[in-house]
Amino acid sequence: MLLTVHVTTSVGWVGLDGALVALEVTGMSNASMAVRAGIATATAVIACWVLVPVVFSSLISGLILALSTPWGLLRHWWVLAKCAIAGALTAAGLMFLLPQLPHIVAGAGEPAGMDSLVARSAALLLLFAATGLSVIKPWGKTSRGRPASALNRSSGRAVPRPASSPHREPSPR
């Protein structure tokens, strides 16, 4: 159940960010002030009332999954990278959104600008990267993810496993 919530909200985050990029491009390319004002309001409403709950649901469900499954939060590099991406995007998004909150609540969104378009586009690319990390699972395990017997105690470095030793990755639930 939790995995379904996490995948759904993560995909929703990507979709919402893509929709916001499309709205900003449309707003920047339209000369009508009425259309631009409508797009600004729609963008503000989506960002504040839809995107924020989806982002936090994705972030919290991902952390719970990382802490409660064999994948672990500190065992695989790809999990750490995804957490870093999600945390950075959440922090940056809140720093951008919080100063505008009174205007958003009042129903007055800010017209689309090149700065916000570049920021949202970069966020979208990072979300695609995080999705790719979930699928590919690159880079192997961190030192915390390797068994204690595989660590050379004097140097703290990993010792290669013997070829006859079967190694299985944990299967996600």
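Here is a short walk through the fold, from the whole chain down to one residue.

Let's begin with the overall picture. This is a predicted model, and the protein contains 5 helices and 0 strands. Following the sequence, the elements come in the order α-α-α-α-α. Of the 173 residues in the protein, 31% count as buried.

Now turn to the start of the chain, where helix α1 covers residues 2-29 and helix α2 covers residues 33-68. The two pack with their axes 8 Å apart, at an angle of about 155°. Because angles over 145 degrees count as roughly antiparallel, α1 is roughly antiparallel to α2. The crossing of α1 past α2 is left-handed. What kinds of residues make up this contact? Sorted by class, the contact of α1 with α2 has 17 nonpolar, 11 polar and 2 charged residues.

Helix α2 deserves a look of its own. With 36 residues, α2 spans 50 Å from its first C-alpha to its last, close to the 52 Å expected at 1.5 Å a residue. Where along α2 should you look for a kink? You will find it at L51, shortly before the proline P53, with a bend of about 40°.

Finally, go back to α1 and pick out M28, which lies in that helix. Is M28 buried or exposed? Its relative accessibility is 30%, so M28 counts as partly exposed; the buried class would need a value under 20%. M28 also offers a link to a distant part of the sequence: M114 is 86 residues away along the chain, yet the C-alpha atoms of M28 and M114 are separated by 8.1 Å.

Key:
Residues numbered from 1 in each chain as written. Predicted model: local features only at pLDDT ≥ 70, side-chain atom pairs only at ≥ 80, totals over all residues. Heavy atoms only, no water. Axes fitted to C-alpha atoms, helices over the stretch in contact; angles between N-to-C directions. Helix = DSSP H or I, 4+ residues; strand = E, 2+ residues; numbered from the N terminus. Parallel < 35°, antiparallel > 145°, perpendicular 65-115°, else oblique. Left-handed = near helix turned anticlockwise from the far one by under 90°. Nonpolar A, V, L, I, M, F, W, Y, C, P; charged D, E, K, R; others polar. Expected span 1.5 Å × (residues − 1). Bend = angle between axes of the 7 residues up to and from the residue. Buried < 20%, exposed > 50% of the residue type's maximum accessible area, 1.4 Å probe, protein only.
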